[in-house]
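Here is a short tour for anyone who likes to check a model atom by atom. Have the viewer ready, and let us begin with one small detail before stepping back.

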Amino acid sequence: MTIPQDLQAPLGDVLAGARLAASVIVLREAPADAPAPGVPQVLMLRRAERDNDLRSGVWVFPGGVLDAVDATLHARCEGDTPEAANARLGLTDGALDYSVAAVRECFEEVGLLFAHSARCPATLPSAAERKASVTGGDFVALCERHDLRLQLDALVYHSHWLTPPGIPKRFNTRFYVARLPEGQAAQADEGEAQELAWFTPAEALKAGLKLLPVTTRTLQDLARFDTVQAILDEARARQHPPMMMPRLGQSAQGKGRPVLPDEPAWAEIGRLDPHGQGTVCFELPPLRAVALSPRITRVTCNNGSVMTGPGTNTYLIAEPGSDEVTVLDPGPDDADTSAHLQAVMAAVGPRRVTRIVVTHTHKDHSPAAQALKALTGAPLVGMAALHPEWQDTGFQPDQAVAEGEVLTLGAHTHLQAVHTPGHAANHLCWLLQEEATLFTGDHIMQGSTVVINPPDGDMAAYFRSLERLLAMELRWFAPGHGFLMAEPHAEVRKLLAHRRAREAKVLAALKALGSATALALVPVVYGDVPVQRHGIAARSLTAHLLKLAGEGVISARQGDEAMIWEA
């Protein structure tokens with residue numbers, strides 16, 4: 001297939017065909033006879049079983065599609081305005097229709113009405129009237145008959161989800177959270193809602209219910225809170241919740257499922273399969289060649305571990321149509337080297353390897369370069385190790401490169417060296433200029449922060465190397481470990497914020513103790529890290545201490561067995 005170079009299809013194409021919908025997450029405190037009285041419970045309904053319907057029999061929150069009548073009920077709305085609703089949902093028009101639809105659908109499906117009667121004496125619709133209200137027109141007549149005022153301020157905007165491309169029936173849904181109206185009880189309409197139940201979010205997740213991905217993720221979000229009020233307050237404080245759109249992917253064995261936006265493969269799936277055919281793998285099986293663009297192919301080494309994640313990525317970079325290929329980061333020299341290089345050469349095919357480029361000389365990235373050179377005769381390109389510890393000291397480049405040097409791979413394919421010391425003093429990222437894609441090696445890894453291990457690792461240099469990326473025009477990161485990463489600048493800012501927060505924690509802990517060794521600080525500063533990884537964490541912590549000392553913020557003196565740091 002033709003592989004697009006952009007992140008995804010235009011937003012208009014992504015939204016095309018999706019029906020506008022609204023849903024209400026109705027909440028209450030668990031009653032006194034519940035196992036945990038007072039904790040939040042959520043109302044869920046089981047949808048009717050229907051042939052050829054992916055939502056058949058699933059447990060969901062009350063809701064449904066917008067109706068043309070929803071726009072006619074604005075005059076009956078209280079507690080919100082079209083202008084405020086548009087701003088909240090990020091729309092130019094029509095946002096209030098979602099709130100009205102949420103009220104209407106909740107009443108039709110489960111008999112709960114977020115409204116009051118302006119009549120004296122006030123009367124709400126009876127159960128019989130509710131059962132007869134099965135269309136939008138019926139609901140409008142009901143509002144007129146009882147002079148209802150829809151209480152939209154009872155609904156708090158929570159989230160925005162879009163069904164993945166590739167699914168026949170798609171919904172563009174706005175979710176609201178609301179407290180159960182006082183004095184009302186839910187009742188299934190026995191049409192859309194075949195069964196109702198109140199669950200704590202944790203109970204719903206453990207009950208073996210048939211759930212959609214959006215429902216599962218929403219329940220996981222709600223499970224963080226101890227009170228209904230906390231859920232409402234947190235939702236009210238949200239600023240423009242982003243649209244969440246799963247994408248269809250498949251496992252290494254070919255089994256398909258929706259992939260959620262916070263999963264590692266999500267952005268890559270959007271790039272390679274914008275129309276939702278579900279053909280892109282959400283795993284990184286070793287030794288499988290994956291075409292990422294007309295210029296880039298990835299082969300992942302079978303060396304996955306705590307330190308290497310799913311394995312080290314080897315990239316093949318070539319001008320489209322050229323018979324010359326550049327191989328970047330050929331991987332480790334171990335028992336799996338032969339199989340990995342065979343997979344790389346299979347991906348090269350009839351073309352020629354004309355250069356072997358490395359990002360740095362840690363032992364999971366460069367050692368196989370010698371074996372690949374023996375196979376192909378291609379020269380080695382990169383920087384030699386500047387410190388011996390944990391390095392491939394045998395890597396000696398045939399072409400030593402400097403910051404900014406550009407390799408011409410073809411008339412329309414250029415690879416620029418970007419010196420990024422920090423993780424290693426000789427670390428280079430490589431920028432594929434035509435695609436604004438940066439091969440990051442270990443400078444930026446997907447799903448974890450990199451270890452900074454002095455003396456070769458330098459935290460101050462790492463900060464500077466991250467910050468310089470913010471001034472570069474970048475569209476993608478191609479990391480040494482993980483999938484393609486979109487929104488590079490946002491990723492960099494996230495890493496910088498994480499490192500700064502960790503550094504602030506280091507300084508606060510040291511001030512509290514007065515003086516301490518790095519090992520003594522680890523349990524305090526890295527309490528969120530498993531104990532078995534504290535030895536690794538101590539290396540980065542030492543790098544933070546050296547940075548702070550270099551800035552004059554703290555001082556150090558040699559103790560009997562280790563350096564003692566003082567605030």
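Which backbone atom lies 2.8 Å from a polar atom of the side chain of Q184? The backbone nitrogen of L113 does, which fits the cut-off for a polar contact: a pair of N or O atoms within 3.5 Å, where one must be able to donate a hydrogen and the other to accept it, and where residues adjacent in sequence count only if both atoms are side-chain atoms.

A word on the ground rules: this is a predicted model, in which local features need pLDDT of at least 70 and side-chain atom pairs count only at pLDDT 80 or more, while totals for chains, interfaces and linings use all residues. Residues are numbered from 1 along each chain as its sequence is written, and side-chain values use heavy atoms, with hydrogens and water left out.

**Around Q184**

Q184 sits in the loop that links β9 (171-179) and β10 (193-199). Strands here are DSSP runs of E with at least two residues, helices are runs of H or I with at least four, and both are numbered from the N terminus. Setting aside neighbours within four places in sequence, Q184 has contacts (heavy atoms within 4.5 Å) with G111, L112, L113 and L124.

**P40 and strand β2**

P40 belongs to strand β2 (residues 40-47). Is P40 buried or exposed? P40 counts as buried because its relative accessibility is 5%; buried means under 20% relative accessible area, exposed over 50%, and partly exposed in between, with a 1.4 Å probe and protein chains only. Strand β2 is mostly covered too, with 7 of its 8 residues buried. Beyond four places in sequence, the contacts of P40 include R28, F199, P201, F225 and I231. By contrast, the C-alpha atoms of P40 and T354 are separated by 63 Å, and these residues are 314 apart along the chain.

The pairings of β2 are gathered below; two strands pair if DSSP finds at least two bridges between them.

| Partner of β2 | Bridges | Direction |
|---|---|---|
| β1 (residues 19-29) | 3 bridges | antiparallel |
| β10 | 6 bridges | antiparallel |
| β3 (residues 59-60) | 2 bridges | antiparallel |

Particular residues show how these strands line up. Q41 in β2 is the bridge partner of R28. R46 stands opposite E195 in β10, and R46 also stands opposite W59 in β3.

**Another sheet**

Further along the chain there is an open sheet of 6 strands, in the order β21-β22-β23-β24-β25-β26 and with mixed pairing. Its edges are β21 (406-410) and β26 (485-486), each with a single partner strand, so one side of each has no neighbour in the sheet. Strand β21 runs antiparallel to β22 (residues 413-419), joined by 4 bridges. Within that pair, L407 stands opposite L415 in β22.

**The whole protein**

Stepping back, the protein has 15 helices and 29 strands. Its C-alpha atoms fill a box of roughly 90 × 65 × 40 Å along the principal axes. Of the 567 residues, 52% are buried. Among contacts between residues at least 6 apart in sequence, 63% join residues at least 24 apart. The accessible surface, from the Shrake-Rupley method with a 1.4 Å probe, comes to about 24,300 Å², and 53% of that belongs to carbon and sulfur atoms.
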